[in-house]
Amino acid sequence: MTLNRLLFAATLALWCLGIGVAHAQQADFTRKTVTIFIGNTAGGTYDLMGRLVARHLGHFLPGNPTVVAENMPGAGSLRAANHIFNVAPKDGTALGIVTDTIAVEQALRNPAVQFDARKLDWIGRVAASYAVQIISRTAKVQSIEVARHFEATVAGTGAGNAAETVPTLLNAVIGTKFKIIKGYPAANEAMLAVERGEVESAVPNWTTLKTSKASWLREGKVKVILQYLSERGPELPGVPALGELGDTPEAKQLLGLYASTGAIGRSVFGPPGLPPAVLKALRDAFLAMSRNPEFVADAKQINAEIDIASGEDVQTAVERTLSVPESVTRRAREIFGR
């Protein structure tokens, strides 16, 4: 074989090898089923957002896979996070959407946490969090200030949920007298408990409250007494925000842990160690989905307030939470008995 032919053959072999490597690096979801595990029961905003994504994401993934949503409640939605981290396949076919306090619970060493939120592969945020605390008009307590002097019962929705953690912190940090009644699976059941008179207070998402329970607000059946935000939201300028409370720097930092969870919000993530091409395909598909008119129209139809953030931005928010000074997290662990 002449030298030119040898060079041609070698070049052809390298070209074919390059094509093979390129194909190997391409994500392909053909004939696959992607499951989005939702860490809460049906009906709340996590379920709403998870199912919204499930209806649209597959159209933007290579191979157009079927995407289904599956509820996996438990441990304040941390059961689903543990499943994704430890059990789920690492090929992009198992995703999750769980409590926005996922990083806080890790920082506070919640014994139910069996994952590292830093190592999860964050795909993107569907909506920021906007939890509010409501109280029945029949309750003696009608404000956070009055709650410092009189007891009010709150529906607890799991140790990893703000409905239990924030009232516990408020009791320890500013002296409120909230009594947590545990055992409610999620915010929908908590609001039903308020309606039945089993408890006086609950912590739903503001979007859920103003859409599914608009008559409560219109008729004055409940009052919003606190926004779980760093600053007051534009729709509730007369209601105090969690970030305003606390008389000392430590108190503000402790409450700030939960006031800042909105940046994580309703985010979709995958297990650690996804192949780079798969992670890129999922993130690209998520952002393409979020700009699609059909997705936007569907979100509007179900009254879902979308606030999209990239997977990289959510990753930054998670790492920021996990970088809180040890003195703050140690005090929080003392409050929670951990």
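Trainee: What makes the approach of the aspartate 47 side chain to the backbone nitrogen of glycine 43 a polar contact?

Mentor: The two are 3.1 Å apart. A polar contact is a pair of N or O atoms within 3.5 Å; within protein, one must be able to donate a hydrogen and the other to accept it, and residues adjacent in sequence count only if both atoms are side-chain atoms. The 3.1 Å is within that limit, so the pair counts. This is a predicted model, where local features need pLDDT of at least 70 and side-chain atom pairs count only at pLDDT 80 or more, while totals for chains, interfaces and linings use all residues. Residues are numbered from 1 along each chain as its sequence is written, and side-chain values use heavy atoms, leaving out hydrogens and water.

Trainee: Why is aspartate 47 called buried?

Mentor: Its relative accessibility is 8%. Buried means under 20% relative accessible area, exposed over 50%, and partly exposed in between (1.4 Å probe, protein chains only). Aspartate 47 therefore counts as buried.

Trainee: Why is α2, the helix that holds aspartate 47, described as largely enclosed?

Mentor: Helices (H or I, at least four residues) and strands (E, at least two) are DSSP runs, numbered from the N terminus. Helix α2 covers residues 45–56. Nine of its 12 residues are buried, so the rest of the structure largely encloses α2. Among the buried ones are Tyr46, Met49 and Leu52.

Trainee: Why is the pair of tryptophan 122 and phenylalanine 269 called tilted?

Mentor: Rings of Phe, Tyr and Trp (its six-membered ring) pair if their centres lie within 6.5 Å; planes under 30 degrees apart count as stacked, over 60 as edge-to-face and the rest as tilted. Here the centres are 5.1 Å apart and the planes stand at 55°, so the pair is tilted. Tryptophan 122 is in strand β4 and phenylalanine 269 in strand β10, so the pair ties together parts 147 residues apart in sequence.

Trainee: What makes tyrosine 130 and tryptophan 206 a tilted pair?

Mentor: Their ring centres are 6.3 Å apart and their planes are at 45°, so this pair is tilted as well. Tyrosine 130 is in the loop between β4 and β5, and tryptophan 206 is in helix α7. Both residues are buried.

Trainee: How do you know that the charged end of arginine 266 sits over the ring of tyrosine 46?

Mentor: A charge sits over a ring if NZ of Lys or CZ of Arg is within 6 Å of the ring centre and within 35 degrees of the ring normal. For arginine 266 the distance to the centre of the tyrosine 46 ring is 3.8 Å. Lysine 32 sits over phenylalanine 29 at 5.9 Å from the ring centre.
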